[in-house]
Amino acid sequence: IIVSNNSWITNKIGVEWLKYFIKYIEGRKVRVYYLLIFNSYKSYNLVNFQDIYKENNIYTLYILPYLLHLLQLLNIGYFLLLKYTYRY
């Protein structure tokens, strides 16, 4: 994965990250569809991103940036249980 000089995500970096994510989940297929949760940063909703999502059966959920921290509690409880259940 590449980084920018100012540590911000650019469209190019976002596409590269998405390709890396898809490679990572390929060997871990449990279901046909995936859910990817994002903040509402505009680059994640560009047409080239949407094409990649559709090709790889990825559904996206956009959360307002000031609400995203509320999901961190799910990492400890709910997502940890899923991780152990599916042995990731």
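**Nonpolar core and helix H2**

Me: Which residues make up the largest nonpolar core?
Reply: Twelve residues form it: Val15, Leu18, Phe21, Ile22, Ile25, Tyr34, Leu36, Phe38, Phe49, Ile52, Tyr53 and Ile58. A nonpolar core is a set of buried Ala, Val, Leu, Ile, Met, Phe, Trp, Tyr and Cys residues joined through side-chain atoms within 4.5 Å. Buried means under 20% relative accessible area, exposed over 50%, and partly exposed in between (1.4 Å probe, protein chains only).

Me: Which elements give two or more residues to this core?
Reply: These are H1, E1 and helix H2 (47-55), and H1 gives the most, with five residues. Helices (H or I, at least four residues) and strands (E, at least two) are DSSP runs, numbered from the N terminus.

Me: What is the status of the model and the numbering?
Reply: The model is predicted: local features need pLDDT of at least 70, side-chain atom pairs count only at pLDDT 80 or more, and totals for chains, interfaces and linings use all residues. Residues are numbered from 1 along each chain as its sequence is written, and side-chain values use heavy atoms, with hydrogens and water left out.

Me: Turning to H2, which residues are buried there?
Reply: Phe49, Ile52 and Tyr53 are buried in H2. They lie on the same side of H2 because they cover an arc of only 100 degrees around the axis, taken from the directions from the helix axis to the C-beta atoms.

Me: And which are exposed on the other side of H2?
Reply: Val47, Lys54 and Glu55 are exposed there.

Me: What follows H2?
Reply: Asn57 follows H2, with a positive phi near 55 degrees.
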